[in-house]
Each structure stands twice: as structure tokens, then as C-alpha cells.
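Here are some notes to read beside the structure, written for someone meeting it for the first time. Please keep the 3D view open and find each part as it comes up.

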Amino acid sequence: MHRRHGFTLIELLAVIAIIALLSAIIFPVFARARDNANRSSDLSSLNSIRSALQLYKVDNGGYPPALLGYVNPYEAGAVGAGVVPADRITGFLYPKRVGGINSFKSVVSRYALDATTKAVWPQQDARAVGSAPQVDLNGDGAVNGADDIAGARQAYGPTTQVLQDPSQAASATNQALNFYQLSGYDVAQLPKGIGAASERWEVRYRLFWSNYSIGQGAGYGQGNALDDPRQLGYSDPDDKSVITWNSYYRDWEPQGVNKVPQRSKRDMVLFLGGAARMFDSRQVYDQGWRVLP
């Protein structure tokens with residue numbers, strides 16, 4: 001007679017425990033490797049946008065009002081009905097200067113090519129005016145509180161939609177712009193719990209953003225010699241100008257109404273005078289276009 005051998009219960013449990021342990025070690029490693037690869041790819045795509053913008057400026061004498069372009073319906077009617085897919089438009093950079101419309105790993109299979117949205121302005125710098133000078137606006141050779149003035153600060157925040165003409169009040173002829181939802185270009189999606197019950201879309205690329213350039217009220221909306229020069233709409237913008245930033249990879253604080261990004265280098269910021277680089281997500285969230293390289 002031959003005895004048949006099998007696993008004992010203890011041996012089977014030991015094997016299961018070993019497999020579980022190996023999975024707990026290997027899966028996070030794979031996830032981090034994939035995350036790093038995706039971020040590297042998106043950094044490369046951002047740098048491609050910078051090159052495309054420089055070519056556009058050579059051809060047209062200035063930077064475009066949008067990176068991808070605004071939503072185009074096939075025919076007159078409500079926006080969203082018969083929208084031209086983003087990969088079929090003739091935009092400012094695509095397809096002549098940007099080859100792949102889905103070049104950002106943060107967007108692949110996430111947003112439909114005909115998905116559209118209105119957008120609001122990003123968070124305004126909450127630091128007191130006069131307390132956070134960044135560039136020498138008055139030309140006295142020193143960077144101090146006199147260089148941090150309200151007119152050179154960001155005009156609008158997350159409660160204000162991006163209008164066709166931000167310097168004028170909303171009206172039947174001055175309505176909110178519609179953007180394609182392809183993150184990495186003109187807008188980006190933020191999750192729930194950021195002072196709102198639902199997700200919101202923020203604009204990332206704008207030619208002008210300060211009170212002096214687009215704000216409403218006396219002395220605003222017409223430009224000023226003391227305005228922040230880091231705005232792409234001016235004839236010779238500073239190399240420290242922020243073109244756009246990719247905030248898809250942010251790590252957020254625990255769920256809550258006042259959820260904010262963690263302080264970790266997970267945002268990608270593209271500057272006019274250099275390559276895209278990783279930045280502290282909380283700093284970018286707090287300062288937006290005022291971030292310095």
C-alpha cells in the first residue's frame with residue numbers, strides 16, 4: 001500500500017501567509033515604479049508644451065490665449081451637444097506643434113475626448129499684501145514689502161468662473177468659457193472636500209491673472225507699470241513666469257471640508273525660462289502663478 005501525502009493545515013496557512021507577505025512587499029513597489037514612470041512621462045510632455053509655445057511665439061509674435069483651445073460645437077446650440085472631440089480640433093498647439101493629444105499619463109482613459117467643463121480660478125495667495133514680495137516691481141533694486149501690492153496679486157479665486165472677458169462682469173455676451181477636460185493643458189480637476197461638496201475644475205493656463213491686468217474696479221483691468229511681469233500676455237514676460245502646472249499626482253490630507261494637499265513634491269510646474277520640475281504641492285496650491293523657480 002502507498003500512503004498519499006498532502007499539505008497539512010499548518011503548512012497551507014504558512015504558504016498563504018508567505019504569499020500575502022510577498023504581495024504586501026511587491027505590489028507597493030510596482031505601484032511606486034508605475035507612478036514614477038508616469039510622472040517622468042508627464043514631465044517630458046510639459047517640456048514639449050514649452051517648446052511648442054516658443055515655436056508658436058516665433059510664428060505669431062505672442063503666446064496663445066489657451067494651450068489646447070476652447071470647446072467647439074459642430075453646430076450652433078448648447079455647448080456639449082455635438083462637441084468636436086479634442087483629437088479632431090485645430091487648436092493653438094495641436095496638432096501642428098503638439099503631436100499626441102493624450103500625451104499625459106494623468107489623463108489617459110480618464111476623460112473622454114468630448115468631455116467639457118467650465119472652470120474657476122485657482123486659490124489666491126492668502127499671505128497678507130506687503131508680506132510676500134517676490135520680484136522687484138518698482139525698480140529700486142531691492143525686493144521688499146513695497147513690491148507686494150494688491151494690484152499685482154491674483155484677481156480672482158475659486159468662487160469665480162473664468163469668463164470670456166474677466167475684466168468685465170458676467171452677462172449674456174460675456175459668459176464663462178468652456179474647456180476640454182484634458183488635464184495637463186488648460187484646466188485640472190480637484191477632488192471633493194476642498195471647501196465644496198463636489199469636484200471643481202481650475203484653470204491652469206492664462207495669459208493674464210493679476211488685478212492690474214484683468215481685475216474689475218478703478219485702476220484695474222488696464223495694465224500697469226507696477227504689475228507682476230510674470231504674465232504671458234505681456235510683450236516680454238519674465239523667465240520666472242509659470243506656464244501651467246500638473247496637479248494630478250497630489251497627495252491630499254484626510255477627507256474633510258478643508259482638505260488640502262500634503263507637503264510633498266508631487267506637483268509639476270512648467271516655467272517659461274526652464275524645464276518643468278517637481279514642486280511642493282501645498283506651496284503650488286497656496287501660491288499658484290506666484291510660485292518662483
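1. A good place to begin is the pairing of β5 with β6, the strand made of residues 265-271; four bridges join these two strands, and they run antiparallel. Two of the facing pairs can be picked out by eye: valine 242 stands opposite phenylalanine 271 in β6, and asparagine 246 has methionine 268 of β6 as its bridge partner. Please bear in mind throughout that this is a predicted model.

2. On its other pairing, β6 is joined to β7 by four bridges, and here too the two strands run antiparallel. One position to look for is aspartate 267, which stands opposite phenylalanine 279 in β7. If you follow the backbone from β6 to β7, you pass through five residues that lie between them, and the two strands form a hairpin.

3. Taken together, these pairings give an open sheet of three strands, in the order β5-β6-β7, with antiparallel pairing. The edge strands are β5, residues 242-246, and β7, residues 277-280, each of which pairs on one side only. From one strand to the next the twist averages 40°. As background, the strands of a sheet pair through backbone hydrogen bonds, and they may do so in a parallel or an antiparallel way.

4. Is asparagine 246, a residue of strand β5, buried or exposed? Its relative accessible area is 1%, and because buried means a value under 20%, asparagine 246 counts as buried. The strand β6 is mostly covered as well, since six of its seven residues are buried.

5. The surroundings of asparagine 246 deserve a second look. Leaving out residues up to four places away in sequence, asparagine 246 touches Asp42, Leu46, Phe104 and Ser106, and also Arg266, Asp267 and Met268. Its side chain, in addition, reaches the backbone nitrogen of tyrosine 248 at 3.0 Å.

6. For a contrasting setting, turn to glycine 145, which is found in the loop between β1 (116-117) and β2 (179-180). Glycine 145 is partly exposed, with a relative accessible area of 31%, a label that applies because the value falls between the limits of 20% for buried and 50% for exposed. When neighbours within four places in sequence are set aside, glycine 145 is in contact with Gly130 and Pro133. Glutamine 134 is eleven residues away from glycine 145 in sequence, and their C-alpha atoms are 9.2 Å apart in space.

7. Stepping back to the whole chain, the secondary structure comes to three helices and seven strands, which follow the pattern α-β-β-β-β-α-β-β-β-α when read along the sequence. Of the 293 residues, 43% count as buried. The accessible surface comes to about 15100 Å², and 54% of it belongs to carbon and sulfur atoms. Among the contacts in the chain with a separation of 6 or more, 62% are between residues 24 or more positions apart.

8. A last point concerns the confidence of the prediction, which should be read alongside the points above. The chain averages a pLDDT of 87, and 88% of the residues score at least 70. Which elements have the lowest and the highest mean pLDDT? Among the elements of the chain, the lowest mean, 84, belongs to helix α1, residues 9-60, while the highest, 97, belongs to helix α2, residues 211-214.

How values were computed: Residues are numbered from 1 along each chain as its sequence is written. This is a predicted model: local features need pLDDT of at least 70, side-chain atom pairs count only at pLDDT 80 or more; totals for chains, interfaces and linings use all residues. Side-chain values use heavy atoms; hydrogens and water are left out. Two strands pair if DSSP finds at least two bridges between them. Axes are lines fitted to C-alpha atoms, for helices over the stretch in contact, and angles run from 0 to 180 degrees between N-to-C directions. Buried means under 20% relative accessible area, exposed over 50%, partly exposed in between (1.4 Å probe, protein chains only). A polar contact is a pair of N or O atoms within 3.5 Å; within protein, one must be able to donate a hydrogen and the other to accept it, and residues adjacent in sequence count only if both atoms are side-chain atoms. Contact means heavy atoms within 4.5 Å. Accessible areas come from the Shrake-Rupley method with a 1.4 Å probe; for residues, only the protein chains shown count as cover. pLDDT is the predictor's confidence in each residue, from 0 to 100.
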